[in-house]
Amino acid sequence: MKKRYLFIALIILSIASVFVGVKDITPLDIFNLSEDQAEILLTSRVPRLISIIVAGISLSISGLIMQQLTRNKFVSPTTAGTMDSAKLGILVSLMVFTSASPLEKMLVAFVFALLGTFVFMKILEKIKFKDTIFIPLVGLMFGNIINSITTFFAYKYDLIQNISAWLQGDFSMIIKGRYELIFISIPIVIIAYLFANKFTVAGMGEEFSINLGLNYKRVVNIGLVIVAMVSAVVILTVGVIPFLGLVVPNIVTIYQGDNLKKNLPHTALLGAVFVLFCDILGRVIIYPYEIPIGLMVGAIGSGIFAYLLMRRRAHEA
Amino acid sequence: MKHNAKIGALAAFSVLLIAIFLFIKVGNNWDYVLPRRGLKVLAIVITGSAIAFSTVVFQTITNNRILTPSIMGLDSLYMLIQTFVIFIFGSTNLTVANKNINFVICVGLMVLFSGVLYKVLFKREGQNIYFLLLMGLILGTLFQSLSTFMQVLIDPNEFQIVQDKMFASFNNVNTDLLLIAIIAILGIAIYFSRFIKYLDVLSLGRDQAINLGVDYDYVVKRLLIVIAIFVSISTALVGPITFLGLLVVNVAHEFLKTYQHKYLIFGSVFISIIALVGGQLIVERVFTFSTTLSVIINFIGGVYFIYLLLRERKSW
Amino acid sequence: MVEVREVSKQYGNKSVVDNVSVKIEKGKITSFIGPNGAGKSTLLSMVSRLITKDTGEILIDNEEVGQCKSNDLAKKISILKQSNHINIRLTIKELVCFGRFPYSQGNLSEEDWKHVNEAITYMELEDIQDKYLDQLSGGQRQRAYIAMVIAQNTEYILLDEPLNNLDMKHSVQIMKVLRRLVDELGKTIIIVIHDINFASCYSDYIVALKDGKVVKEGPTDEIINSSILKDIYDMDIKIENINENKICVYFS
């Protein structure tokens with residue numbers, strides 16, 4: 001697959017995305033939009049498209065970074081407790097400041113996501129048995145534990161339905177004025193791009209990086225900050241999108257090999273295309289209702305994840 | 001023998017707690033209060049033992065002390081079934097007769113699910129058990145997404161009922177179900193008893209176990225099935241308590257410091273009973289029902305588990 | 001006698017053991033030698049039923065391994081792998097007790113205890129028998145595992161690179177023990193070994209494997225020979241006679 005094709009797919013899907021919806025707007029209308037239609041385009045359709053693309057890109061990239069840092073194909077924000085920690089953070093922000101502004105929520109979520117990911121990395125250091133399958137297993141369990149802590153508090157404050165409704169990844173709630181936070185991801189992704197090679201080196205291990213004159217701790221920390229930031233932002237604006245950061249980089253690796261610098265643009269593009277595709281599918285399947293993106297990606301993503309695992313086993317045997 | 005003394009102490013403490021639980025503030029309503037509390041205690045003892053026992057065996061098979069069969073996706077499947085039932089039929093339909101059917105269907109589906117997982121796992125040589133668990137967890141995440149989706153669509157009053165199912169509760173355990181569960185668990189326990197002698201050897205790892213004459217695949221497959229049934233029954237009976245097993249088995253290890261299963265199993269079972277009965281006492285008398293036991297246990301179990309993971313010099 | 005007949009094992013498309021036939025006689029030390037990836041360990045694991053073979057037969061005292069009851073086999077043949085990673089904390093004595101499992105199923109009789117104590121004495125571990133395995137040095141630990149195998153009291157003992165990670169002193173110590181097990185107790189030992197000179201000095205019979213096939217087999221004297229070793233290892237190896245032992249010089 002060439003980058004060009006991905007790009008074309010992205011454009012086609014983007015156009016499709018703008019014109020799919022309960023309110024009929026056809027491409028022909030674009031030149032003489034009624035006020036109604038213009039309103040819908042600007043407050044709902046376009047913001048939705050933008051947030052889809054940004055979320056797809058940034059989550060895929062942060063998955064790729066985590067895989068580089070841990071040298072494990074199956075680590076991602078979903079399988080390292082990052083998402084769940086961010087969720088806990090949002091709950092805490094709701095409890096502590098009853099009327100938290102989005103920015104405050106994001107900061108608290110970010111701090112928690114960072115802490116959670118950091119703890120996960122610490123756990124990795126402690127585990128002697130570094131089996132490729134065992135590590136995501138520990139990560140998912142770790143996420144479950146964080147979740148049980150969230151549940152503990154959510155139950156006390158009677159916020160459970162709130163939290164689950166609200167954190168299920170869903171683009172239908174995206175309208176102008178409620179999604180702009182996601183733009184924070186863009187500079188972060190650019191930083192990720194600049195640091196790409198260093199992440200690869202850091203992934204080889206502390207001793208290896210020091211030997212090459214790399215400030216290991218700093219690079220790892222930057223990586224974790226990027227991942228935590230992206231997770232916090234996406235979870236706040238869109239909600240949880242499971243397995244995205246895991247599936248996309250792995251697919252790219254299959255057809256592209258393991259060169260990070262080369263894979264970054266592919267991963268970004270494919271991430272956007274994948275989320276767009278899932279989103280459109282979710283909007284079409286039970287039209288005029290829609291299936292939230294969290295569920296769509298969750299279903300498709302877990303299928304692909306399972307396939308990747310099987311495939312890996314077959315290769316090894 | 002010091003292990004025997006420790007087990008004895010645990011047993012005595014469990015009995016003491018149960019006695020307190022049964023007789024605290026009985027007042028004049030003996031006839032009314034005692035049978036109800038008795039049922040509750042029975043439910044606690046049955047599920048507590050089943051979970052503790054299956055976690056011990058599971059950790060032995062996997063040679064790993066940070067795993068528990070509860071994370072195999074069964075909890076999420078249970079929640080999905082419950083949410084689905086309420087989503088489709090609404091809560092009004094949940095009469096007593098339906099509860100029995102619900103229980104049977106739940107256990108059936110959960111056992112079926114594990115069976116399919118095992119089948120896939122054992123079809124090819126060289127698949128490991130972590131693979132099985134990870135598959136279970138991934139499917140569990142999928143089930144979770146599905147339940148969340150339905151939960152969002154359910155109206156808030158109905159959701160209250162789903163939410164009650166989300167947390168294990170010993171409060172309204174049905175007598176019929178309890179009887180079925182006890183018979184099933186005892187029956188399986190008797191079947192299982194002939195495998196007990198292999199557990200110590202299994203904890204040496206696969207190669208050593210085979211070297212010492214254990215028919216490894218045969219034994220492990222049967223043990224895994226027993227575990228799946230135990231977890232399914234206890235989950236369907238009272239609801240999910242994901243981290244109970246992890247908590248009590250690790251406490252048992254720390255407390256007993258032995259590899260011998262005759263001690264480990266009894267130790268874990270008693271600690272499990274102590275945790276549940278003691279926890280229930282605290283919830284009823286101290287928090288006065290403002291929170292549920294399973295939420296607290298998952299919370300404590302989870303935090304303790306992270307502590308275990310982060311502690312130095314451990315070989316997992 | 002252990003008899004391997006036309007045994008093969010494939011992983012994916014790769015043949016790891018390819019149509020191997022070998023006979024191993026009783027009362028001798030037989031060494032499997034060969035370069036990395038020759039299939040030595042795989043073959044040993046198949047003989048000891050740790051992994052299944054794809055095709056062929058493996059007979060131990062004329063009985064097919066796959067047909068025997070696992071517990072009966074455990075009284076006849078024992079295997080010690082190179083990576084003995086045990087997750088639980090055991091003392092030497094507890095480990096050695098496990099060796100009696102095929103006989104006792106966990107309830108040790110007086111007879112079993114006798115075997116356990118003899119094995120500990122045989123390996124000179126009495127002083128440290130209550131120490132935990134994780135407190136021991138590599139050599140002590142290896143001796144503890146061998147004590148367990150001795151307690152298991154099998155006719156055939158299979159060892160996969162028993163000298164791995166041991167220093168010279170401990171290596172010699174272990175090989176001497178193996179020699180004594182054969183000479184004094186009449187055991188039959190099969191080892192996978194990398195150090196050609198240990199194979200030369202201590203074994204009676206050598207089977208050389210390469211790319212999953214047997215390239216050469218015969219009494220030690222025959223195999224330790226420059227031209228044969230060249231076939232096996234693709235390098236020139238000079239043989240010197242020192243104190244009636246044939247020593248291979250391959251360092252330059």
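This dialogue examines how several features of a predicted model are identified.

Student: What makes chain B and chain A partners in an interface?

Tutor: Contact requires heavy atoms within 4.5 Å. By that criterion, 51 residues of chain B are in contact with 45 residues of chain A. The two chains bury about 4400 Å² between them, with 76% of this area on carbon and sulfur atoms.

Student: Which three residues of chain B supply more of its buried area than any other three?

Tutor: They are L134(B), I138(B) and F299(B), which supply 13% of the area that chain B buries against chain A.

Student: How many salt bridges and polar contacts link chain B and chain A?

Tutor: A salt bridge needs a side-chain nitrogen of Lys or Arg within 4 Å of a carboxyl oxygen of Asp or Glu. The count between chain B and chain A is zero. For a polar contact, the N or O atoms must lie within 3.5 Å; one residue pair across this interface is found by the rule, both at pLDDT 80 or more.

Student: Which helix of chain B gives the most to the side that touches chain A?

Tutor: Helix 5 of chain B does, with 15 residues. Helix 5 (129-153), helix 6 (156-166) and helix 13 (293-310) of chain B each supply at least two residues of that side. By class, the residues on this side of chain B divide into 31 nonpolar, 16 polar and four charged.

Student: How do you know where the domains of chain A begin and end?

Tutor: The bounds come from an automatic or database domain assignment, and they divide chain A into domain 1 (71-169 + 177-240) and domain 2 (243-316). The contact between them takes 16 residues from domain 1 of chain A and 19 residues from domain 2 of chain A. Together these domains bury about 1500 Å², 66% of it on carbon and sulfur atoms. K73(A), F74(A) and Y193(A) supply 36% of the area that domain 1 buries against domain 2, more than any other three residues.

Student: What polar links are counted between these two domains of chain A?

Tutor: Two residue pairs are in polar contact, both at pLDDT 80 or more, while the salt bridge count is zero.

Student: Why are strand 1 and strand 4 of chain C called paired?

Tutor: Pairing calls for at least two bridges between two strands. Strand 1 (residues 2-11) and strand 4 (residues 55-60) of chain C have five bridges in the antiparallel sense, so they qualify as paired. Within strand 4, T55(C) is the bridge partner of S8(C).

Methods: Residues numbered from 1 in each chain as written. Chains lettered and ligands numbered in written order. Predicted model: local features only at pLDDT ≥ 70, side-chain atom pairs only at ≥ 80, totals over all residues. Heavy atoms only, no water. Buried area = accessible area lost by both parts, 1.4 Å probe. Polar contact = N/O pair within 3.5 Å; in protein donor to acceptor, adjacent residues only side chain to side chain. Helix = DSSP H or I, 4+ residues; strand = E, 2+ residues; numbered from the N terminus. Nonpolar A, V, L, I, M, F, W, Y, C, P; charged D, E, K, R; others polar.
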